[in-house]
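Have the viewer open and ready to turn. We'll take a walk through this structure together, starting with the overall layout and then going into a few places where helices meet.

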Amino acid sequence: MRHRTAAAHAMSTADPELAAPPTLPQIFRAFTKVGLTSFGGGLSGWMMREFVQHRRWMSESDFLSGLALAQSFPGVNVVNLAIWIGFRLRGGPGALLGGLGITVPPMIVAIGAAALFASMAQSQGLHVAMAGVAAAAVGVSLQTGLRAARRALVGWVPAAIMGVTFAAIFLLRLPLLWVVGAMAPLSIGIAYSRLRRQGRQP
């Protein structure tokens, strides 16, 4: 592809540490790899490892911004994130191939694995193995969460919002939709106010 999206070009010129923007086939292959090699969940953490730390296609701050958006939109978070990353790298075609790469190849494998699992459902060893994979996936997700928290904690107000949100959902078990609906506008308003005070009004 000879043409770059404006976003990809801006990203490549703004941060010299980033690699050159990928081609569309590279985007599809990368998301296929992530989808086929991430077992038991933890896809967002695996994406950050692949696209930020390994391939250097985007900065960590860009990735975490996309992760926040993906979790705010309806639908499957990792698919939303794949679409956002693809769009960030190559516009509409990149978004399409990102979404297809993260869903279609793993779906084909999952159908075959489901048929195999159904025939081995009574195997105790299989259930133990799946529990181990799930534990590893939790660790990957936790790593991503800690990185995002480190970026978000820029003062006592964001820390308080994070603490209240965690307590409301995890401890008080309040409905997620109501908690996010109340805390997200508050957090956005505080961030906007801070940007205006710093003379960086968008």
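**A walk through the helices**

Start at the N terminus and follow the chain: the elements run α-α-α-α-α-α-α-α. In other words, the secondary structure comes to eight helices and zero strands. Keep in mind that what you're looking at is a predicted model.

Now for the whole protein. Of its 202 residues, 30% are buried. About 12,500 Å² of the protein is exposed, and carbon and sulfur atoms supply 69% of that area. The contacts say something about the fold, too: if you take those between residues at least 6 apart in sequence, 59% join residues at least 24 apart.

Let's zoom in on helix H3, which covers residues 43-54, and helix H4, which covers residues 60-72. Their axes come within 10 Å and cross at roughly 150°. That makes H3 roughly antiparallel to H4, because angles over 145 degrees count that way. The crossing of these two helices is right-handed. Which residues of H3 and H4 meet here? From H3 come Ser44, Met47, Met48 and Val52, and they meet Glu60, Phe63, Leu64 and Leu67 from H4. Sorted by class, the residues of this contact are six nonpolar, one polar and one charged.

Between H3 and H4 there's a loop, and Arg56 is found in it. Have a look at its backbone: phi of Arg56 is near 55°, a positive value in a residue other than glycine. Is Arg56 buried, exposed or partly exposed? Its relative accessible area is 39%, so Arg56 is partly exposed.

Stay with H4 a moment and pick out Leu64, which lies in that helix. Leu64 has a relative accessibility of 11%, so it counts as buried; the cut-off for buried is under 20%. From Leu64 you can hop over to Leu81: the two are 17 residues apart in sequence, and their C-alpha atoms are 9.8 Å apart in space.

Leu81 brings us to helix H5, since it is one of the H5 residues that meet H3. H5 spans residues 77-119, and it packs against H3 at an angle of about 35°, with the axes 10 Å apart. This crossing is right-handed. On the H3 side you'll find Leu43, Ser44, Met47 and Phe51, while H5 brings Val78, Leu81, Ala82, Ile85 and Ile102. The contact has eight nonpolar residues, one polar and no charged. Ser44 and Met47 may look familiar: they're among the H3 residues that meet H4, and they're also among those that meet H5.

Next, travel along the chain to helix H7 (residues 156-171) and helix H8 (residues 176-197). Their axes are 10 Å apart, and the helices pack at an angle of about 175°. H7 and H8 are therefore roughly antiparallel to each other. H7 offers Val157, Ile161, Val164, Thr165, Ala168 and Ile169, which meet Leu176, Val179, Met183, Leu186, Ser187 and Ile190 in H8. By class, that contact holds 10 nonpolar, two polar and no charged residues.

One last stop is the loop between H7 and H8, where you'll find Arg173. Arg173 isn't a glycine, yet its phi is positive, at about 55°. How does Arg173 count at 69% relative accessibility, buried or exposed? It counts as exposed, because the cut-off for exposed is over 50%.

Terms used. Residues numbered from 1 in each chain as written. Predicted model: local features only at pLDDT ≥ 70, side-chain atom pairs only at ≥ 80, totals over all residues. Heavy atoms only, no water. Axes fitted to C-alpha atoms, helices over the stretch in contact; angles between N-to-C directions. Helix = DSSP H or I, 4+ residues; strand = E, 2+ residues; numbered from the N terminus. Parallel < 35°, antiparallel > 145°, perpendicular 65-115°, else oblique. Left-handed = near helix turned anticlockwise from the far one by under 90°. Contact = heavy atoms within 4.5 Å. Nonpolar A, V, L, I, M, F, W, Y, C, P; charged D, E, K, R; others polar. Buried < 20%, exposed > 50% of the residue type's maximum accessible area, 1.4 Å probe, protein only. Areas by Shrake-Rupley, 256 points an atom, 1.4 Å probe, with all protein chains shown as cover.
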